[in-house]
Structures are given as structure tokens and as C-alpha cells.
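This report looks at one strand, its pairing partners and the nonpolar packing of the model.

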Amino acid sequence: MSLRTQFIKSTLCVILYIAVCTLLLKIRQQLYSVSFLKSNQSAENCSVVSQAITKPIGLETKLLEYDEMQESLLLLQQISNTCNKYNLKTPLIRRHFLYNSKQQSIYCWIRKAASTSFTKLFSDMKNRRVMRNYYREVDILAPETLKELYYIANDPKVFKLLIVRHPFQRLVSSYRDRIEDNSKHTAQAWMYTKQIFHLTRPALFHSNITTGNFQQKVFTTDKRLKLVPTFKEFLLWLLQSSDQDDVHWDRYNTHCGVCNIRYSYILKLDDYTYDQITYIFSKFRLDKNKVYLSQLEQTRGGHTNFDTTCKYFANLTQDIILRLYGRYKIDFEMFNYNLNQYLF
């Protein structure tokens, strides 16, 4: 091998060595960059995890708000669609709303939909600590003027709550509590029983010495019912007139001005969860560990659920049920309630 050939080979080896070293150096730098990037990303993730650990309540509230608002937005959109479909406008009535300026919250009460429990809650929020006759709190807790109510209704910072339940279950609950339960005097039994029996049992108004007059036949001396109208009689009376809108069986859309106020949240009592109550408390700015909802004024015989409602509807004709649906049709559509489950 000549000296020149040996020199060329040595030179090529050196060049190849340098090339390989350069390549390895670049690979190492790239690996280091990737490692550094991953290290930074891991540090960022740790920061997020650390924040979640140190502030679990904030994260829990955000997740809860997201879940509840997604469900509520669908229902609020359904309400808006129904209002537009029927071109509905219902004026607001001042005393139908409870307002707390400190908690920036307003609530529309409607009887037999947890109204007593939430009235007590609003009363407690004002530190009134009332123990009975919660219905009297309405005029105290309502906005002072109708003008103020409209201002509050349009204030995006105010949390606006509406609570509903299936119209038929609420109706049965009202009948059981205000008409059928004759262990107590109620204004509804005293005011409406005479009208009901005028329609369904006119013979009761024929007086004689033996049976006495209508008042003696139907009421005790302390104004409790001796003769109770059946649920069917109650409904026949309710359906024959369009102006019998007592607060115990009037409609959500008219009582709470649903088409004139953009509610923040709708709670459906039929299948509510603990998380939903927690969410409402968070919007009321209340500590869920220090506040609870009282179970007040239970109907004699227990809570009115689906099974109980079916027992009362079992004696009704399909015609009466369909007419009753017609009365509450807007509420059914607004809040996605089902009629078919009550048709036999």
C-alpha cells in the first residue's frame, strides 16, 4: 500500500468519525429538547394537580356548574321555544316572588312545589327565624314595588330560580292537602266546596228539618268538612271554569311569568339530586354544610308521588284526563312532562 493511499484512507476515517460524532451530538440535543419539553409539561400538569388538591371546592363547583348549566340550558331553550310558539306574554306579579338583595337571588314560589321550604330558606337568609305561618312571609320577602321586580328580572347578576313538578302530581297533592284532608280547616275547602257540590250534588242544597241546610250537612261547627268532594268532583268543577286559579292549582307559566322573565335555573322536583340542591346553594352564596332545606307541612298520608297520583287518576275517564291536560298543556310542553304515563 502506497503512502498516498494510506493517507487517503486515514483522511476518510477521520471525516467519517467527525460525521458520526456530529450526528450523535445532534441526536443528543434533540433528545434533550424533548426531555426538557416533557419535563416542563409534567411540571405544568403537576401544577394543575396541585391546584386541584389545594382547591378542591373550587374545582368541584366549576364542574358542578358546568353539568347543571348544560341540563338547565336545554330546558330554558324549551321554555323559550314554547313561549314563541304560542306568542305568550304573562305579566309579573310582585308578591309571587321572594328576593334577597344580599344573596342576589330571586325565587318564584308556587304552592305544592316545595314553596314552604324555600320560603323558610329565604326567611332565614333575612335572619327572620319564623317558626310558623310561612305564607305570611310572602309580602315581607317580595320586592317592594313592581318596578323593582322588573328591574331585578332584567338584571343578569341576579340568580333567578323556578321550581316545578309534574302538573298532575302537584294537582293531586293540592287536592289531598287542601280538600280531602278534613282533619283541619283550609281556606280552599271552605271557599270551593259549595261551588263543587253546586255542580255535582245539587240535592245537598235542598233543606229540610231532618237533614238541615247545606252548611249543616257539609261542615262541622269549626269549619272542617264532614262531606268531602271526591277527586273527580273536584276536577269537574275545576274544568268547568277557566278562572279558578287558586295558587295551589294555577299554572306555572302564568303564576311565575315564565315568558316575561329569563330564569337562571329550573329545578324539577320529580327527580332532583343532592348535587342540584348544592348548586342552588352555591348560587345563593350559602354554605351547604351550614344550611339545609326543611321538610315542612307534609300532606297527611305521605308524599304525593307517581304511584299515589295513579291511584287518584284510576277513577277518571280518558276524556277528563285529556281535558285536564288541555288546561295544563303549556306547562307540560315548557317543562317536558309526559302525559302518556297517565293514560290508561
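Which residues point one way from strand 3, and which the other way? The model is predicted, with local features requiring pLDDT of at least 70 and side-chain atom pairs counted only at pLDDT 80 or more, whereas totals for chains, interfaces and linings use all residues. Residues are numbered from 1 along each chain as its sequence is written, and side-chain values rest on heavy atoms, with hydrogens and water left out.

Phe159, Leu161 and Ile163 point one way, Lys160, Leu162 and Val164 point the other way, and all are buried, where buried means under 20% relative accessible area with a 1.4 Å probe and protein chains only. In a regular strand, side chains alternate between the two faces of the sheet. Because six of the six residues of strand 3 (residues 159-164) are buried, this strand is largely enclosed by the rest of the structure; strands here are DSSP runs of E of at least two residues, and helices are runs of H or I of at least four, both numbered from the N terminus.

Pairing requires at least two DSSP bridges between two strands, and the table lists the partners of strand 3.

| Partner of strand 3 | Bridges and sense | Bridge pair |
|---|---|---|
| Strand 2 (residues 105-108) | Four bridges, parallel | Cysteine 108 with leucine 162 |
| Strand 4 (residues 265-268) | Four bridges, parallel | Isoleucine 266 with leucine 162 |

The largest nonpolar core (buried Ala, Val, Leu, Ile, Met, Phe, Trp, Tyr and Cys residues joined through side-chain atoms within 4.5 Å) has 54 residues, and Phe234 and Tyr263 have the most contacts inside it. Helix 9 (residues 231-239) gives the most to this core, with six residues.

Methods. Buried means under 20% relative accessible area, exposed over 50%, partly exposed in between (1.4 Å probe, protein chains only).
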